Amino acid sequence: MSDAPQRTQWTTLDKDLNRISQLELATAYVSRPLVAPGIALAFIVLAGLGAGVFFGGSAMSMVVIAAAAFGAYMAINIGANDVANNMGPAVGANALTMGGAIVIAAVAESAGALLAGGDVVSTISKGIIDPAAVASSNVFIWAMMAALISSALWVNLATWVGAPVSTTHSVVGGVLGAGVAAAGTAAVNWPTMGKIAASWVISPVLGGIIAALFLAFIKAKIIYQEDKIAAARRWVPVLVGIMAGAFASYLALKGLKKIVKIDLQTALLIGAAMGALAYVVTAPLIKRQSEGMENRNKSLKALFGLPLVISAALLSFAHGANDVANAVGPLAAIVHATEFGDFATKVTIPTWVMVIGAFGISFGLFLFGPKLIRMVGSQITKLNPMRAYCVSLSAAITVIVASWLGLPVSSTHIAVGAVFGVGFFREWHMERRLKKSAEGRPAEKRIAPEERRRRKLVRRSHFMTIVAAWVITVPAAALLSAVIYLVLNTFVG
């Protein structure tokens, strides 16, 4: 008997098995993009179930469960979008790997939220809506729910587009839209809204100017000196001292509300003491590190590496302490109104609500953060450790200046504005050097205007996308919130 049929049978079996293995590979390839949304969905469900455990016996427990789920969704979006501003410059400057940045940011953000996060939050988000104008606790609950959903959806959309936007401003827009839909335009505190609108312009411009000034200082005092290493030994400890002082003041002013209330003058004194201490500690370390280094810019980058990583971690801690409360504010307000049947201008944030905020940010950062980290760190303008250090330093100083002026600012706008400031300063500086070098040269050897335009160091497309997203954040979140409130009030309320 011939064994040909048997060989045919084995060949057919091999082909079938090959098809199955190819199908498995194709399935794995297709399902890979679904892993992150799947994990995020699991966290949202767990947050809702956790809220159900606390409010299992309440008649309004389903409202709290839904609010907790949307609060978790909002926290994930903050991690995906807002945290990129703190870690992006360090990654873009190659001072940190993407994995290292994500781990440091997740730990620092969670620690900031849980250890130093504000235990009391304004439920009407910085006094935008007059609580007396809201008719009942039921109306208030649906208004806060609409604000929470709309702000989360808007930040999600901005992340998908690749635009770093302010989550605080998204919440402001959400509260504004729901408040107008629930109580009319008379309920809005328009002077407060005017201050917030002014901050859209003031905070990024101020952040950009301060970052550009520090970069100009570093270029003049260190980079363009004949002996770069000697100049670095003199000035890097000073810059580290300024950073330590700025962050100590920033954290004292904004990040330690839960522990102790500190005024601006005391915060500045604390900052001055910490700055002096940092200088005394850093000077011998920089001297030791710089021994044997070559007199070139690559050596300077190494000296700025560690201070940049520390500043990025401190920014993340301060962001967790300051901004998470704003994000979970509507959720805390809903929990309070559901539990006590009334609403107040300020409420205590339950620990489990802060846990949702802290862990949600970490999940969002791990799962979706790299896209915006790359955008801020390398796609707006090219950063090195010196430029990235200027961005971090500017962010801390601008917040202190804004607090002194009484302006509500966005850490997102400041950090991204500082990146733009560094980029535009580089363009201006390059143009100035080209003009100087062109003096006395024959016309045919000068760089043509077209070539100069091509050498722009800030990507104009990203600049326009980000500015447009900033301008429409509050109106877009407000419109979305008003529509969601009307739908909720019609079908559920």
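In this predicted model, Glu-294 is partly exposed, with a relative accessible area of 49%, and this residue forms a salt bridge with Arg-296, where the closest N and O atoms are 3.4 Å apart. Side chains of opposite charge can pair when their charged atoms come close. Arg-296 also counts as partly exposed, because its relative accessibility is 39% and the partly exposed class lies between 20% and 50%. The count of salt bridges in the model comes to one.

A further feature of the surface is a nonpolar patch of about 510 Å², made by Val-35, Ile-39, Leu-114, Leu-115, Phe-359 and Phe-363. Helix H1 (4–54), helix H4 (98–116) and helix H11 (351–379) each supply at least two residues of this patch. Phe-359, which has its place in helix H11, counts as partly exposed at 43% relative accessibility.

The three residues with a stated accessibility are set out here.

| Residue | Relative accessibility | Class |
|---|---|---|
| Glu-294 | 49% | partly exposed |
| Arg-296 | 39% | partly exposed |
| Phe-359 | 43% | partly exposed |

Turning to pockets, the second largest pocket holds about 380 Å³ of space, and of the 18 residues that line it, the closest to its centre are Val-240, Thr-282, Leu-285, Leu-306 and Ile-310. Helix H8 (228–255), helix H9 (264–290) and helix H10 (297–340) each supply at least two residues of this lining, and H9 gives the most, with eight residues. When the lining is sorted by class, it has 16 nonpolar residues and two polar ones, while no charged residues are found there.

Note on methods. Residues are numbered from 1 along each chain as its sequence is written. This is a predicted model: local features need pLDDT of at least 70, side-chain atom pairs count only at pLDDT 80 or more; totals for chains, interfaces and linings use all residues. Side-chain values use heavy atoms; hydrogens and water are left out. On a 1 Å grid over the protein atoms alone, a cavity is a set of points where a 1.4 Å probe fits but cannot get out, and a pocket is an open set with protein on both sides within 12 Å along at least five of seven lines; lining residues have an atom within 4 Å of a point. Grid points are joined across faces, edges and corners, and a volume is the space filled by probe spheres set on the points. Helices (H or I, at least four residues) and strands (E, at least two) are DSSP runs, numbered from the N terminus. Ala, Val, Leu, Ile, Met, Phe, Trp, Tyr, Cys and Pro count as nonpolar, Asp, Glu, Lys and Arg as charged, and the others, Gly among them, as polar. Patches are made of residues with over 30% relative accessible area and no salt bridge: like charges are joined within 9 Å, nonpolar side chains (Val, Leu, Ile, Met, Phe, Trp, Tyr) within 5 Å. Accessible areas come from the Shrake-Rupley method with a 1.4 Å probe; for residues, only the protein chains shown count as cover. A salt bridge is a side-chain nitrogen of Lys or Arg within 4 Å of a carboxyl oxygen of Asp or Glu. Buried means under 20% relative accessible area, exposed over 50%, partly exposed in between (1.4 Å probe, protein chains only).
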